[in-house]
Amino acid sequence: MNIERPFAALGVVIYFISFSALGAEVLTPKAELGRQLFFDKNLSEPAGQACSSCHDPLAAFTDNDKTQPTSKGVDTSLHGNRNAPTVMYAAFSPTFTFDRQANLYKGGQFWDGRAKTLSNQAKGPFLNPIEMANPTPEAVIEKIKQSPMTDYSTQFDAIYGKEALEHPAKAYLYVADAIAEFERSAVFNKFTSKYDFYLLGKARFTDQEKRGLLVFESKDKGNCIACHNSRPTSNTPPLFTDFSYDNIGVPKNPDNAFYLLPPPFNPSGMAFVDLGLGGQLKLPDQNGKFKVPTLRNIALTSPYTHNGYFETLRGVVTFYSTRNVIKRCTNAFTDEKTALQQLCWSMPEVPENVNFNELGNLKLNRQDVNDLIAFLTTLTDGYGATSPWSSLTTPPSQ
Amino acid sequence: MAHQKHLLSLTIAGLLSISLSVFALEKPKTMNEMWKIIEMQQKQIEALQKNAATTPVSQQTTDNTSKPAPTVATNDVKKLERKTDVLSQEVEKLRTNLSIPEEAKYKSMYGMGPAASKVYGTSKGLSIGGYGEAMYTNYVDTKGNQNNKDTADLERAVIYLGYKFNDWIVLNNEIEFEHATTGEGSEEKGEVSVEFSQLDFFLDQKYNVRAGLMLVPMGFINEMHEPTTYHGNHRPDIERYIIPSTWREMGAGLFGEVLPGLQYRMYAMTGLNAQGFSNVGIMEGRQGGSNAKADDFAFTGRLDYSPTQISGLLFGASTFLGNSGQNDVAFNNQKYNVFTQLYEGHIQYKYRGLELRALGAWSHIDDTAFLNPNLGATGPLGKESFGWYVEAAHDIMPLLWKESDHYLAPFFRLERYNTLAAIDNSSLVGSTFDARVGLDRWIYQAGISYKPIPNIVIKADYRNINDRKIVPMGIPNGDEFNFGVGFIY
């Protein structure tokens with residue numbers, strides 16, 4: 001991983017530079033406004049943090065600081081409790097809903113679905129006391145109006161009507177709307193991975209990648225396809241998530257700096273338990289469930305899972321394969337590296353509602369794991385410059 | 001699709017009109033009818049006996065010369081009594097036959113296997129039959145594939161339940177238990193399926209109607225897959241991957257014998273489901289009447305000729321044509337029909353213990369360029385596939401032991417097939433799809449079939465498989481020795 005990373009990063013840099021040269025022309029005026037807001041570090045309290053601070057294009061719109069499992073706030077002594085998820089392909093997540101037929105919650109944004117839509121999500125981090133820490137929406141709008149670098153007013157007025165920034169409550173909705181529009185653009189929805197080209201006959205997989213895809217889809221092997229859809233639908237390329245929620249039994253992450261935060265932020269201290277969807281809905285039978293993330297760009301988006309417990313793909317794949325099989329670590333706060341050395345896994349952070357049906361004992365041998373990782377690395381965007389899927393790559397507008 | 005629906009309705013309408021001119025077959029004597037006859041005969045006997053008792057007196061008074069009369073009467077009585085006895089025995093037989101048939105006839109009829117044909121031979125009511133096959137497979141050469149594990153398997157246990165409603169309507173069912181269990185968890189290996197459930201309406205030798213869940217009438221094996229009817233423990237690969245078996249769909253159609261020795265079957269059926277196609281062929285596109293998608297229908301037909309001049313010769317051909325998209329194959333928001341064609345020709349010759357068989361099949365699937373992206377790890381699939389096999393066997397028992405009625409036949413089979421004979425050169429992407437994974441094989445198989453009685457077969461065979469592509473996961477590819485037993489009843 002360590003050897004591969006600089007190369008992967010270099011590829012992304014080159015790709016991003018090429019995007020920067022062309023991207024501004026491609027974006028609609030609203031998405032362009034969203035882009036400026038997304039990267040503007042003057043919109044936090046104090047200035048210094050933008051959306052892009054934790055959703056960095058260099059790491060497929062996750063946090064590029066890999067030294068910590070969760071992201072630093074604008075006050076760098078503070079840390080969020082969860083690993084920043086990728087914004088890529090988030091626009092395809094349907095509105096949060098309960099699917100009666102499947103008896104499952106689906107869609108929405110954030111790890112726990114607390115924002116129903118993309119634009120609702122964009123309203124959150126500006127006001128999150130650990131993240132951009134603005135006290136109110138009015139404070140955000142004021143910063144936009146006073147921006148020293150960008151003339152936002154003209155753009156807002158052109159897009160949303162005259163004096164668009166004069167009503168802060170409405171203007172805050174416009175801010176979220178513009179950011180969501182940017183997130184719906186091709187910047188976040190590239191569909192240019194080797195797998196996309198492979199499916200359409202434009203790229204050849206190596207034998208190992210081919211085997212990895214089989215392990216991924218095979219019911220008696222990985223069966224990853226059960227939640228991470230690797231097949232296209234009639235109107236989208238494969239998204240590698242079904243947007244459902246699951247408790248895969250991830251242990252507590254001793255490296256999560258959130259445990260050490262003082263009471264206003266973390267009253268429970270080391271006893272903190274993240275209940276995920278269950279906490280959000282106040283439904284105990286949903287405790288411990290988190291949204292199934294897309295696996296597109298997975299090689300760039302470490303660490304993995306809601307609390308960033310896994311630093312490596314090998315670790316998370318091994319966990320899926322052996323969770324039920326190998327012994328329990330005696331210490332509930334055992335990190336991934338130690339657990340892999342001791343051949344044990346700590347107890348799940350939330351022991352209820354753990355999915356035992358689809359994972360935990362995949363019986364993957366060493367070659368299967370290597371093959372699977374080889375396949376997962378084909379999901380990184382940038383294999384080709386433009387998506388081979390033509391019109392299917394536009395997310396639905398919500 | 002609309003054309004096929006039209007065809008289906010035409011077929012049904014045509015058949016209904018034919019049914020008006022029902023040609024009733026000769027009715028068998030039922031128990032009730034027999035009882036009536038017996039009662040009548042009993043009365044006749046009594047009348048004759050009375051007659052015999054009174055006749056001598058009258059004869060003496062009327063005509064002294066007519067002496068033979070009493071003898072004639074006694075003979076009549078005896079004759080009638082014998083008749084009554086025979087009839088009573090017949091009735092008894094019929095009663096017993098309800099539970100244990102005295103002697104079932106195992107003769108293939110209307111395209112079905114010998115045991116599956118039993119119901120056609122019954123007089124009325126229920127008929128029970130079945131078959132089973134169990135085998136041990138030993139991988140002599142696993143070729144480094146961990147899937148090639150030795151197995152002992154009760155591969156199939158099958159029950160035929162037929163019901164003859166009257167002399168022209170017959171219901172025939174095959175219920176199959178595969179791999180001995182359908183348990184949960186680690187036992188979840190087998191399945192129970194209705195292999196066919198069809199109603200036959202016998203109208204005329206030339207035109208009969210069949211409807212329900214029916215076997216696609218292609219190849220040797222699909223309709224006639226009872227273990228005593230083919231050599232080797234495993235069915236020929238071509239009749240698994242190129243022509244799927246056991247392949248059945250919902251539908252209706254006609255069958256009959258138009259000229260002596262010239263038989264046909266033609267059905268309109270639910271089409272295949274292209275979402276199940278893969279680099280091993282169309283096999284998993286079978287719908288099997290299980291909530292089958294019925295947006296697309298298909299036509300299937302078969303013609304077989306057994307010339308009366310050349311005993312033991314049979315040759316014929318069959319086809320399956322229809323869209324498989326089922327309104328579900330879409331790319332860039334455009335739907336594709338995935339028109340699927342499968343053709344097959346076969347010939348069989350049996351002469352004094354010599355058995356020769358040959359079969360060839362070819363398929364073509366449209367729109368695979370748009371279907372392939374939907375298949376993930378199981379694709380891409382072939383735009384064309386082909387397969388053929390030749391087989392020779394000889395019953396050598398008469399040479400070894402003249403008096404024996406056992407059967408002992410060594411056989412040899414050569415198979416060649418390729419599920420990716422041609423792969424799409426997509427206009428969409430301008431390059432061909434990757435054709436490295438699929439079944440592109442030569443198989444050399446030799447073995448022996450031994451039948452102590454025609455209903456039971458013991459088989460041993462060796463298969464040498466030569467792959468020319470990467471074998472898809474889950475498909476065994478080792479050289480194998482198989483030993484098994486099969487039976488029909």
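I began with the cut-off for burial, since a residue counts as buried when its relative accessible area is under 20%. B:Glu155 comes out at 14% relative accessibility, and it is therefore entered here as buried. The model I am reading is a predicted one.

**Entry on B:Arg156**

From B:Glu155 I went to its partner, B:Arg156, and found a salt bridge between the two, with the closest N and O atoms 3.6 Å apart. B:Arg156 has a relative accessibility of 8%, so I put this residue down as buried too. I then looked for further partners of B:Arg156 and noted a salt bridge with the side chain of B:Glu176, at 3.4 Å from N to O. This pair joins distant parts of the chain, with B:Arg156 in strand β2 (residues 151–164) of chain B and B:Glu176 in strand β3 (residues 169–178) of chain B, 20 residues apart. I checked the burial of both ends, and B:Glu176 is buried, as is B:Arg156.

**Entry on other salt bridges**

I next ran through the whole structure, where the search gives 38 salt bridges over all chains. One that I looked up in chain A joins A:Asp112 to A:Arg114, whose closest N and O atoms are 3.1 Å apart. Are the two ends of this pair buried or exposed, or something in between? A:Asp112 is buried, because its relative accessibility is 5%, whereas A:Arg114, with a relative accessible area of 39%, is partly exposed. In chain B I also recorded a network of salt bridges that links B:Asp237, B:Arg240, B:Arg441, B:Arg463, B:Asp467 and B:Glu480.

**Entry on the interface**

I turned to the place where the chains meet, and noted that 24 residues of chain B are in contact with 25 residues of chain A. Between them the two chains bury about 2,100 Å², of which 53% is on carbon and sulfur atoms. I asked which three residues supply the most of the area that chain B buries against chain A. They are B:Asn332, B:Ala377 and B:Met473, which together supply 26% of that area. For salt bridges between chain B and chain A, I wrote down a count of two, and A:Lys210 forms one with B:Asp434, the closest N and O atoms being 3.0 Å apart. On the side of chain B that touches chain A, I listed twelve nonpolar, ten polar and two charged residues. I also noted six residue pairs in polar contact across the interface of chain B and chain A, both residues of each pair being at pLDDT 80 or more.

**Entry on the cores**

The largest nonpolar core holds 120 residues, and I marked A:Leu37, A:Ile144, A:Phe156 and A:Leu376 as those with the most contacts inside it. Helix α8 (residues 168–183) of chain A contributes the most to this core, with seven residues. Following up A:Leu376, and leaving aside residues up to four places away in sequence, I found that this residue touches A:Phe216, A:Leu295, A:Ile298, A:Leu313 and A:Val317. I then noted a second, separate core of 14 residues, including B:Tyr120, B:Tyr131, B:Tyr160 and B:Phe196.

**Entry on A:Glu32**

Last, I looked up A:Glu32, which I found in helix α2 (residues 29–39) of chain A. I entered A:Glu32 as buried, because its relative accessible area is 15%. The side chain of A:Glu32 is in polar contact with the side chain of A:Arg35, at 3.0 Å. I also took the C-alpha distance from A:Glu32 to A:Thr338, which is 45 Å, with their positions 306 residues apart in sequence.

How values were computed: Residues are numbered from 1 along each chain as its sequence is written. Chains are lettered from A and ligands numbered from 1 in the order in which they are written. This is a predicted model: local features need pLDDT of at least 70, side-chain atom pairs count only at pLDDT 80 or more; totals for chains, interfaces and linings use all residues. Side-chain values use heavy atoms; hydrogens and water are left out. Helices (H or I, at least four residues) and strands (E, at least two) are DSSP runs, numbered from the N terminus. Buried means under 20% relative accessible area, exposed over 50%, partly exposed in between (1.4 Å probe, protein chains only). A polar contact is a pair of N or O atoms within 3.5 Å; within protein, one must be able to donate a hydrogen and the other to accept it, and residues adjacent in sequence count only if both atoms are side-chain atoms. A nonpolar core is a set of buried Ala, Val, Leu, Ile, Met, Phe, Trp, Tyr and Cys residues joined through side-chain atoms within 4.5 Å. Contact means heavy atoms within 4.5 Å. Buried area is the accessible area (1.4 Å probe) that two parts lose on being put together, summed over both. A salt bridge is a side-chain nitrogen of Lys or Arg within 4 Å of a carboxyl oxygen of Asp or Glu. Ala, Val, Leu, Ile, Met, Phe, Trp, Tyr, Cys and Pro count as nonpolar, Asp, Glu, Lys and Arg as charged, and the others, Gly among them, as polar.
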